[in-house]
Structures are given as C-alpha cells and as structure tokens.
Number of protein chains: 2
Amino acid sequence: MAGEKTDVKLTHAEQCIKDLVATFYDCSRKDKDQENLSLEEFRELVKKNFPNYLKGVNLEEKIKELDTNNDKQMKFSEFLKLIGELVKTVKRCEKAKHTC
Amino acid sequence: MAGEKTDVKLTHAEQCIKDLVATFYDCSRKDKDQENLSLEEFRELVKKNFPNYLKGVNLEEKIKELDTNNDKQMKFSEFLKLIGELVKTVKRCEKAKHTC
C-alpha cells in the first residue's frame, strides 16, 4: 500500500481520504501537541467540518463516547471512529433511500 | 446524528464522506445483489477509485484479508475496513511528513 507522490494525480476517492486526514491535522496542529486533538480543537473540528452530519448531537456526550481512554484528548484512532460512524450513518440513509 | 437534507449545503468533509459511500454503491448496484460487492465489483471499485493508494498491493490477498467471513462477497463493513486502512496509511504518511 503506497502513499501517493506529489506528481501523481489522485482519484476523487483518494483525495477524499486525504482531505479527511487533513481535517484532523488542520485542527490538531494548533497547539503544541500536534498528534492529538485537545477537546477544544475537537469541538472546533466538528463545528467547522460536520455541522450537518452532527446536527442535534450532544457533543459532550459524543466526546465521552469517543474518548474511550478518558484522557481528555482525541487521538487519531478516536477521530477515525467518528468518521466510521458518519460513514455508516450516511450508508444507512442511502440504503433506506432517504433524502440524504 | 442526522443525514443532510437536499437543500443543505454540505461541507467539504461531509461531501467526502458521502462520496466515499457512493463509491461503494456505484459498484454494488451493478448486479442483483445491490447491498454487497461481488469480488468482480470489488476489483472494479479498487481499480477505478484507489489505483494509487493500492498500487503494488496484491488484490487477491487483500480480498482474503478483508472478506473475513469468506463468503466471496464484500459487505459494506468489509469495504469500510479498507477505507479505515487507507485513512491510517495516509495519516502515517502525513505524520512522517513524507511526500504524500
């Protein structure tokens, strides 16, 4: 499995994956700990990137659910769990042929 | 957690998630079983959508690895496992500040 080189033209799906990773780093690199999101950074990430998909979701409850080791930080794996949940929600919606 | 309505403007990150789900359905709906990918559909999905990220990967080995229940079909959850792997690979690459 290879990462792409700068001169490689990514497909749309590949670019989507790259851009989702970038949403994490765009927020995590705002403080000294660049590899984890502080809870403040996580709240900012959600507001900026998932205002529709997480509309009506109690963010503090979601944080408790995702931050399984309760260290008040969001590791990349915990962020990835959220992405997985969102993908599954959109998929259910698509399967049910709702207006998604 | 709410799906978006048609009149809602998705953010780029939300659109990425929606488009990744669409890559699955674009291929899975080519035969009668619309909710699973046949192995042929899966091969087509990979070639079309992840030619760079899965370059050099033995596709038949990858299928064996992902198709954990060995039913010669790719369920959405198995596809999601692949997406998760790709996200983690791109993330490692980003962390190492490789040319990704």
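**Helix H3 of chain B, the largest pocket and A:Asp33**

In helix H3 (residues 59-66) of chain B, the buried residues (under 20% relative accessible area with a 1.4 Å probe, protein chains only) are B:Leu59, B:Lys62, B:Ile63 and B:Leu66. They sit on the same side of H3(B), because they cover an arc of only 105° around the axis, taken from the directions from the helix axis to the C-beta atoms. Helices here are DSSP runs of H or I with at least four residues, and strands are E runs of at least two, numbered from the N terminus. The model is predicted, with local features needing pLDDT of at least 70 and side-chain atom pairs pLDDT 80 or more, while totals for chains, interfaces and linings use all residues. Residues are numbered from 1 along each chain as its sequence is written, chains are lettered from A in the order in which they are written, and side-chain values use heavy atoms, without hydrogens and water.

The buried residues of H3(B) pack against helix H2 (39-49), strand E2 (73-74) and H4 of chain B, a contact being heavy atoms within 4.5 Å. At the start of H3(B), the backbone nitrogen of B:Glu60 has a side-chain oxygen of B:Asn58 within 3.1 Å.

Turning to chain A, A:Asp33 lies in the loop between helix H1 (12-28) and strand E1 (37-38). A:Asp33 is partly exposed, at a relative accessible area of 27%, where partly exposed covers the range between buried and exposed (over 50%). Beyond its neighbours within four places in sequence, A:Asp33 touches A:Ser28 and A:Gln73. A polar side-chain atom of A:Asp33 also lies 3.2 Å from the backbone nitrogen of A:Glu35.

Notes. Polar contact = N/O pair within 3.5 Å; in protein donor to acceptor, adjacent residues only side chain to side chain.
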